[in-house]
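This report covers one long helix, one helix pair and one pair of aromatic rings.

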Amino acid sequence: MTDQSSTPAAGPPPLTETAVPALDPRVLLHMPVDVRSLSLVVLALLGSLFVLRWASAVFIPLLLGVLFSYALSPVVDWMQRWHIPRVLGAAVLLAALLGGAGWTVYSLSDDAASLIESLPVAAQKLRQSVRARRGASEGAIATVQKAATQLEQAAEDSGAAKPAASPGVTRVQVERPRFDIKDYLWSGTVGLIGLLGQMLVVMFITYFLVASGDVFRRKLVKVAGPTFSKKKITLQALDEITGQIQRYLLVQLFTSALVGLATWLAFWWMGLEHAAVWGIVAAVLNLIPYIGSIVVAGASAMVSFLQFGTLEMAALVALVSFVIHSIEGYAITPWLTSRAASMNPVAIFVGVLAWGWLWGVWGLLLGVPILMAIKAVCDRVDDLKSVGEFLGT
C-alpha cells in the first residue's frame, strides 16, 4: 500500500504559448444605428417625395397662400388695432393689392406689348449676325465640309445611296405634322385658364388664412399635447417660423425693389428702350433664385441687340444686368438673410435645387421658407436636432 502523503500535490498546469490568447489589433466601433428604423425613414422620405410631386396642384397653392398670409398678417393686425374687423380688413387689403397690380400692368401694357413683339425680331437678327460672323471666319474645314455635302447630294441624286426595297415591302415616308397656330393658341389658352384658376385659389386661401387670424395657431398649440412643455415648444416653433418668414419676405421685397430700381436707372442711362418695364421685370424675377437673373440678362441682351445692332452693346447690357444681380445676390441678400435667419448657404442652395426639381419655378420660390420652417421644427425635436444643426450656420 503506497503512502498518498508522499506524492506531490498537483499544481496548476505550466503556461505555454498556446494558452495565452492572441490580442486582436482591430478596434471595433459599434454605431447606435438601427437598420430597421433607418430603412423606415428612407421609405417614408421617398413616399413623402412621391406624394408632394403627385399632389403638387394642391400643395403649391396652399403653401403660396400660407406665404402670402405671413406677409399680409402684420398689415391686417395693424388695421384691427384701429377697430377694423379682420374680415373687412383682409378683403380691403387684397382688393387694394389686386387693383394696384392691375393698374400697373395696364399702364405699362403698351410698352410691354411692343417689347414682346420685338423679341422674335431680335432673335432672328441675332441669328443672322452670328451666321454672318461665322461665315466670314470659316476656313478650310468649312470648305471641305461643303465639298463633302455636295458629294453626298450627288450620290443621293444618282440613286446610289438609296437601298433597293425588298420584295413585298412597301416604303413608307414619315412626314412631320405642320405647325398649326390654332393648336398653339388652344394650348396657350388652356394653360392661361389653369394659371388664372390657381391664382384664384391662392387668393381665397390667403383671404381665409388672414381673416381667421390666429385660429389655426391656437388649434395647433391645443393638439400639440396635453403637457405644458409640449404646448410651449409648439408655440416657440410657430413664433420662430412666423418671425423668420416675415423677415425673409421683407428682405426679398427690399432687394427686389433695389434690383428693379438699379436696373431701370442703368438701362435708362445706357439708352435702352422700355427701361421702366425692364426694371419691373427684374424686380419680379428677382424673387426666383438663380433663374430670374439669367432670364433678364438674356432677354435684355436680345432687345438691346435689336435696338443698337451690335453684339458688343448686347453683351454690355447683359453684363450690367449680371453685375446688378451679382451684387444683390452675393453681397446684400446674404448679409440681410443672415440677420433674418441663421441658415447655412450651402444647405439653402441644395434645398432650393431640390425643391426646384420637385415643383419647378414654384419650388425655387418656396424653397427657402420651407427650409426655415423645417429648421425651426428640427431644432426643437430631439431626434431631429442633427438635421437642424446641418441646416444652421
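Helix H8 (residues 228–270) has 43 residues, so at 1.5 Å a residue its expected span is 63 Å, and this agrees with the 63 Å between its end C-alpha atoms. The expected span is 1.5 Å times one less than the number of residues. Helices are DSSP runs of H or I with at least four residues, numbered from the N terminus. Gly271, just after H8, has a positive phi of about 90 degrees.

The model is predicted: local features need pLDDT of at least 70 and side-chain atom pairs pLDDT 80 or more, while totals for chains, interfaces and linings use all residues. Residues are numbered from 1 along each chain as its sequence is written, and side-chain values use heavy atoms, without hydrogens and water.

The axes of helices H12 and H13 come within 7 Å and cross at roughly 135 degrees. These axes are lines fitted to C-alpha atoms over the stretch in contact, with angles from 0 to 180 degrees between N-to-C directions. H12 and H13 are therefore oblique to each other (not under 35, over 145 or 65 to 115 degrees). The table lists the contact residues (heavy atoms within 4.5 Å).

| Helix | Residues in the contact |
|---|---|
| H12 | Ala347, Ile348, Gly351, Val352, Trp355, Gly356, Trp359 |
| H13 | Val361, Trp362, Gly363, Leu364, Leu366, Gly367, Val368, Ile370, Leu371 |

The structure also holds 5 aromatic pairs (ring centres within 6.5 Å, with the six-membered ring used for Trp). Among them, Phe267 and Trp278 have ring centres 6.5 Å apart and planes at 85 degrees, so the pair is edge-to-face (over 60 degrees). Phe267 lies in H8 and Trp278 in helix H9 (residues 275–285), so the pair ties together parts 11 residues apart in sequence.

Notes: Helix = DSSP H or I, 4+ residues; strand = E, 2+ residues; numbered from the N terminus. Phe/Tyr/Trp six-rings, centres within 6.5 Å; stacked < 30°, edge-to-face > 60°.
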